[in-house]
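Hi,

Here is the structure I promised to pass on to you. Have a look at it first, then read my notes below.

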Amino acid sequence: MEKPMLVFQTDFTYKEGAVCAMYGVVKSVDRSLEIIDGTHELPQYDTWSASYRLYQSMSFWPKGTIFVSVVDPGVGTSRKACVAKTSNGYYVVTPDNGTLTHIKKYMGIDEVREIDETVNRLKRDDNTEVAIFHGRDLFGYCAARLASGIITYEEVGPAYSVEKIKTHEILEPHIYDDRIEGIFEINDPNFGNLWSNITLKSFKEAGFKFGDKIHTEIYHKDEKVFDDELYYYQSFSTAANHTVMIYNNEINKIAMAVVIGNLCKEYNLDFGPDYRVVFYKK
Amino acid sequence: MEKPMLVFQTDFTYKEGAVCAMYGVVKSVDRSLEIIDGTHELPQYDTWSASYRLYQSMSFWPKGTIFVSVVDPGVGTSRKACVAKTSNGYYVVTPDNGTLTHIKKYMGIDEVREIDETVNRLKRDDNTEVAIFHGRDLFGYCAARLASGIITYEEVGPAYSVEKIKTHEILEPHIYDDRIEGIFEINDPNFGNLWSNITLKSFKEAGFKFGDKIHTEIYHKDEKVFDDELYYYQSFSTAANHTVMIYNNEINKIAMAVVIGNLCKEYNLDFGPDYRVVFYKK
Amino acid sequence: MEKPMLVFQTDFTYKEGAVCAMYGVVKSVDRSLEIIDGTHELPQYDTWSASYRLYQSMSFWPKGTIFVSVVDPGVGTSRKACVAKTSNGYYVVTPDNGTLTHIKKYMGIDEVREIDETVNRLKRDDNTEVAIFHGRDLFGYCAARLASGIITYEEVGPAYSVEKIKTHEILEPHIYDDRIEGIFEINDPNFGNLWSNITLKSFKEAGFKFGDKIHTEIYHKDEKVFDDELYYYQSFSTAANHTVMIYNNEINKIAMAVVIGNLCKEYNLDFGPDYRVVFYKK
């Protein structure tokens with residue numbers, strides 16, 4: 001049977017040798033394993049973004065793929081190191097620190113096991129006193145053993161209750177008589193687009209459709225920081241360059257962008273529970 | 001027969017989950033396909049740079065390699081999605097938006113086909129209303145089907161006239177009695193070097209040779225922004241550190257650099273038709 | 001026999017087409033070769049960092065792996081292009097410009113050969129006058145031929161004395177009656193941590209142990225730029241967020257960090273011989 005691929009995401013960047021050492025460990029376990037860069041540019045220490053990026057990309061991969069996510073501000077503390085088995089057929093090797101938030105809620109987790117460090121931690125003379133690089137010594141190593149078939153999923157370590165998995169709160173949007181309200185729950189840090197937590201389904205239920213001109217307000221805490229009439233279009237270039245527009249993003253959430261521009265930078269906006277967006281019905 | 005490799009270049013960066021989702025689609029079409037990162041750091045929306053980078057690297061790859069280029073400011077508009085077959089034996093899967101400029105002029109395109117979305121677009125329950133991610137849903141998917149042999153080149157979709165391919169204007173240098181003039185047509189954004197459109201061949205025809213000291217002027221529009229006597233050397237470290245020099249770049253175009261420095265930053269220069277460079281004969 | 005992997009590290013970045021062209025050359029020599037990105041984001045022209053990153057990651061790879069390191073400020077000058085065979089079973093293809101410093105000192109080099117350009121340089125009609133891209137035309141090409149088995153190690157070119165390999169000076173820490181002194185020899189440019197040249201072994205010999213509160217001073221040249229009492233912990237999150245702490249890094253050297261922060265940026269610190277760190281015994 002074909003060995004599953006390993007898709008890695010971390011906040012290490014490629015600026016130094018950490019990714020290289022981690023991948024070396026994988027290849028030393030089993031030369032034939034296939035390693036894919038998911039991303040190594042997650043925002044530092046940001047387990048919310050780690051969770052979101054898994055949610056955004058996971059379902060496009062073949063079943064059985066093993067995701068290794070290492071955003072690990074609590075490395076060396078009592079936070080659990082785990083491998084989750086998702087209801088849609090994937091594995092996630094990760095610190096149990098909120099990284100499983102979206103997967104647990106939207107895809108479901110059937111089982112979770114704590115990595116047994118006595119068995120599944122890399123043993124070398126020179127790493128017994130190293131407590132700060134679990135990407136190399138624990139997550140990468142354990143994931144490689146699992147992908148290679150050296151250990152079964154059960155041999156990862158003892159199971160614990162899925163209910164005990166640490167998660168962040170996911171805020172839900174609200175539909176009112178005259179408007180729909182949500183928050184920007186993430187951005188596209190490259191193009192500067194902002195993605196709300198309002199689903200396409202809710203947006204349609206609220207009565208909005210492509211071509212609508214929509215009165216839109218954005219609040220940072222209690223301060224109104226944006227107020228304009230915007231078009232809701234199917235794609236960017238329907239609107240003129242440099243106009244702000246509303247669109248349905250790649251995972252069916254309502255988003256905002258500046259055409260051939262950068263909404264976050266040009267309007268000084270960001271994401272998080274403090275950034276509320278309101279779309280008014282006609 | 002061995003399946004061709006897929007070399008990707010986009011302006012997505014690795015900052016979020018887009019590349020990961022796109023590669024997941026490729027691997028879901030055919031696990032055995034080999035994916036190579038060309039680059040995911042093309043300047044945003046810049047189809048000129050996309051075109052130039054294909055031109056710079058393509059011929060070093062094995063014949064048959066499939067390049068997937070997704071710099072796509074017009075995603076979701078009427079711009080064509082196409083697969084071009086080059087005269088030198090490669091395929092390019094790309095929006096038809098200027099990305100084929102240099103390949104068409106310097107390598108030649110034998111045939112171009114518009115991707116038939118009814119056949120070669122990824123079909124999932126959750127992407128029917130997504131119009132903004134053709135890298136994942138169209139280009140990556142179609143390229144994977146072509147590489148895998150699921151479709152032939154003819155099955156990409158209907159052919160259209162190579163003459164109708166959208167291209168940017170490529171400016172040519174001029175040789176005068178006393179000088180040669182060109183523009184900086186691209187930069188090396190990492191080292192800050194500027195690459196002119198003057199070929200080594202023209203430069204030699206104009207009488208220049210290694211070791212020459214050359215009176216050099218740079219104009220931004222009508223303003224002279226640089227005026228100095230520079231040496232033309234075969235490689236960087238022949239000149240002293242921090243001196244500006246002229247050299248023959250990796251694709252035989254005349255270029256300028258600061259030795260162990262950054263010409264663009266230190267002299268506030270950039271590329272494009274507004275940046276004219278003049279080398280005076282003795 | 002399985003062909004060795006090629007692990008690349010350069011200062012090229014992925015911002016333009018250089019890495020793509022270089023990898024195309026490798027795949028044109030032998031399609032079956034496996035290419036791994038070590039990093040392409042080494043600091044520009046910085047052969048010290050190139051050396052350090054090899055040292056940090058090399059031993060985690062399977063024996064026989066071929067490392068290709070191209071930080072090459074002297075490209076086109078008389079600096080040698082070489083392939084070193086290390087005492088611990090790896091190959092390094094690199095300009096002989098200081099990149100082998102740490103490997104030579106800490107792992108040992110058994111043999112070094114100068115690349116014979118008459119045999120192991122890529123020959124194309126359009127690169128005979130290109131002198132500035134040895135990553136593509138020489139190092140990548142020669143490494144691919146070696147990995148593929150087209151040439152033996154002996155056929156790389158003539159051996160020269162290991163003693164003649166160019167190296168940077170590595171500074172050693174000093175233990176005094178009341179303190180241990182070293183320098184910051186490298187940083188973690190992503191998280192902003194600073195890694196000293198003081199080994200865990202020396203630190204323990206000086207009497208320090210986890211949990212100690214240590215009077216710590218940092219000097220930039222003769223100026224004291226940091227003076228505080230810091231805890232020495234096994235891992236980051238033992239200390240409160242935003243506190244400065246001392247820890248044992250991933251290669252058993254004593255390092256400093258701001259918990260969920262960035263020491264270099266927040267305290268305006270850097271690495272190099274000018275940055276001296278002093279830990280006082282109780």
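Below is what turned up, starting with one sheet and moving on to how the chains fit together.

Keep in mind that this is a predicted model.

Let's begin with chain C. It has an open sheet of seven strands, in the order 2-1-3-5-4-6-7, and the pairing is mixed. Strand 2 (35-39) and strand 7 (159-160) of chain C are the edge strands, each pairing on one side only. If you want a spot to zoom in on, try strand 1 (residues 6-10) of chain C: it runs parallel to strand 2 of chain C, and four bridges join the two. There you'll find Phe8(C) opposite Asp37(C) of strand 2.

Next, the copies. A turn of 120 degrees with a shift of 0.0 Å along the axis lays chain C on chain B, with an RMSD of 0.0 Å. That is how a three-fold axis relates chains.

Now for the place where chain A meets chain C. Here 33 residues of chain A are in contact with 38 residues of chain C. About 3,300 Å² is buried between these two chains, with carbon and sulfur atoms giving 54% of it. Which residues of chain A lose the most area to chain C? They are Glu16(A), Arg31(A) and Glu129(A), together 21% of what that side buries.

Charges meet across this interface too: the rule finds six salt bridges between chain A and chain C. One of them joins the side chains of Arg31(A) and Glu34(C) (3.1 Å, N to O). On the side of chain A that touches chain C, helix 1 (residues 18-29) of chain A gives the largest share, eight residues. That side divides into 16 nonpolar, eight polar and nine charged residues.

Cheers

Methods:
Residues numbered from 1 in each chain as written. Chains lettered and ligands numbered in written order. Predicted model: local features only at pLDDT ≥ 70, side-chain atom pairs only at ≥ 80, totals over all residues. Heavy atoms only, no water. Pairing = 2+ DSSP bridges. Least-squares fit on C-alpha atoms with pLDDT ≥ 70 in both. Contact = heavy atoms within 4.5 Å. Buried area = accessible area lost by both parts, 1.4 Å probe. Salt bridge = Lys/Arg side-chain N within 4 Å of Asp/Glu carboxyl O. Nonpolar A, V, L, I, M, F, W, Y, C, P; charged D, E, K, R; others polar.
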